[in-house]
There are 4 protein chains.
Amino acid sequence: MVKIPFHHVIRVGWADCDPASIAYTGRIPAFALEAIDTWWEEHLGIDWYRMNVDRNVGTPFVHLDLDFTSPITPRHPLECEVRLRKLGQTSITFQVIGRQDGTDCFSGNFVSVIVVSDRFEKRTVPQDVRSIIEPLIVSED
Amino acid sequence: MVKIPFHHVIRVGWADCDPASIAYTGRIPAFALEAIDTWWEEHLGIDWYRMNVDRNVGTPFVHLDLDFTSPITPRHPLECEVRLRKLGQTSITFQVIGRQDGTDCFSGNFVSVIVVSDRFEKRTVPQDVRSIIEPLIVSED
Amino acid sequence: MVKIPFHHVIRVGWADCDPASIAYTGRIPAFALEAIDTWWEEHLGIDWYRMNVDRNVGTPFVHLDLDFTSPITPRHPLECEVRLRKLGQTSITFQVIGRQDGTDCFSGNFVSVIVVSDRFEKRTVPQDVRSIIEPLIVSED
Amino acid sequence: MVKIPFHHVIRVGWADCDPASIAYTGRIPAFALEAIDTWWEEHLGIDWYRMNVDRNVGTPFVHLDLDFTSPITPRHPLECEVRLRKLGQTSITFQVIGRQDGTDCFSGNFVSVIVVSDRFEKRTVPQDVRSIIEPLIVSED
């Protein structure tokens, strides 16, 4: 079943913060990536780990970009909205928007290619995967 | 003294790698950020920690983007070249290129603004900092 | 209200795993610490971040030990049981047990001292904190 | 050639610190593990990554303990001394002591077992490895 918008909630804690008392910049891409991993798990039924280990399908990233608009702190949960933006023959583009307490904290784009995991060789999106995720594309606003 | 190009070498290890046996995507922005932190330390004499804690000057990021062109592994040191690209009134742009064994692995751009740390308020680049780093700008190729 | 046993569930993902396809050893103490942070949040109403930033009370660790009995993977949630074991004048001891799918993965002990955060000076456990957490001590089995 | 004592120097940075402006507790076991990884690299010529991927030998940890005696900050390099303490049939014990500017910050013990990596099955220490590392045992003071 299609679940749009898809949100993944992250607990931001002491461990994620730097001496400026906000989440360290270097942690934020990892938050967004975790949200994408849960998107796969929700829609495909398996996460990156199982896609790679059990199905020999990997989705290494070739690009990411992020704009940071408000600091992230442990005072509120971090709600990450994941949108499938593009589905090419061999590549997949996600947008992730992170919000705390109603405020946008970051927005970013993440482009993966599809590979045969154990050979790290580009391949097309498997047909069963395509069928499941194609209806999930969120077109530009 | 001006040291261009500036390189920071990172040891990539088991701890940085995921089950695909390459450095996890979420670690790579952190590698680049560490390289920028050492760029400050080299040229200004103090790193982010001391800039913030001792001088109350912070450089939070408003943007980063990265293109990944080759996987990073523990088989070679990761040489990160840091280039100061732009120096505005209140913002600073760096490019970081990561290489292993002569191969480009990633290239990215990182935009900071300058703030009064304890108030998280935008300010201009301190004059003494500007004098030191202005000669370090590496213009586009 | 007393909630014993206290459990905190952690999503283990691709990001946490090393090339052996299990959670990296260096991540596991961080899992346990996150569980202790949520224990505070649950019982005191504020987490480490707010204890430090808002109340100027810190709980730096002076000791930790962990025994690892089964590998942790992304195939199951990691259920961390946190037990307050000892409450001294100026120190607090927790045990954390991590389980996946009914199997114990690790058990460890974590000893904190209480400090005035901004001076990093030992102090006694604040009286209101003691009143709340004293009933939560789980005596040895 | 035997190199005792063995030291590995770690750059502690902004990224490693929490809002108390010291290295986060959860990072410290990872520092010690990195030091052990470099110990292997120095003495055996290959690190954990290559031991696992190229030789199918893994050294998963069954125990670690750490005492923290002084906070770690980015103001000084973190010098980690690694001592091989015990070499059993199938297990290896290291001690790691971390120092900054002449002050002991932590001391800990780390026990690994030896496994066939791809089956995660206990095995004896390979004979060539034993020959190389046996002379490196540092007996208790």
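Laying chain A on chain B takes a turn of 180° and a shift of 0.0 Å along the axis, and the RMSD comes out at 0.0 Å (least-squares superposition on the C-alpha atoms of residues with pLDDT of at least 70 in both copies). That makes the relation a two-fold axis. Within chain A, D65(A) has the C-alpha nearest the axis, 1.9 Å from it. Both copies use the same surface, with 100% of the contact residues of chain A turning up again in chain B.

A word on the setup: this is a predicted model, in which local features need pLDDT of at least 70, side-chain atom pairs count only at pLDDT 80 or more, and totals for chains, interfaces and linings use all residues. Residues are numbered from 1 along each chain as its sequence is written, while chains are lettered from A and ligands numbered from 1 in the order in which they are written.

As for the interface, 22 residues of chain A are in contact with 22 residues of chain B, contact being C-beta atoms, placed from the backbone, within 7 Å. On the chain A side, α1 (28–44), α2 (48–55) and β3 (61–68) each give two or more residues; helices here are DSSP runs of H or I with at least four residues and strands are runs of E with at least two, numbered from the N terminus. β3(A) hands over the largest share, eight residues. By type, the chain A side splits into 14 nonpolar, six polar and two charged residues (Ala, Val, Leu, Ile, Met, Phe, Trp, Tyr, Cys and Pro are nonpolar, Asp, Glu, Lys and Arg charged, and the others, Gly among them, polar).

β3(A) also pairs with its counterpart across the interface: five bridges join β3(A) to β3 of chain B (residues 61–68), and the two run antiparallel. Pairing calls for at least two DSSP bridges between the strands. One of the bridge partnerships puts L64(A) opposite L66(B) in β3(B).

Conventions. Contact = placed C-beta atoms within 7 Å.
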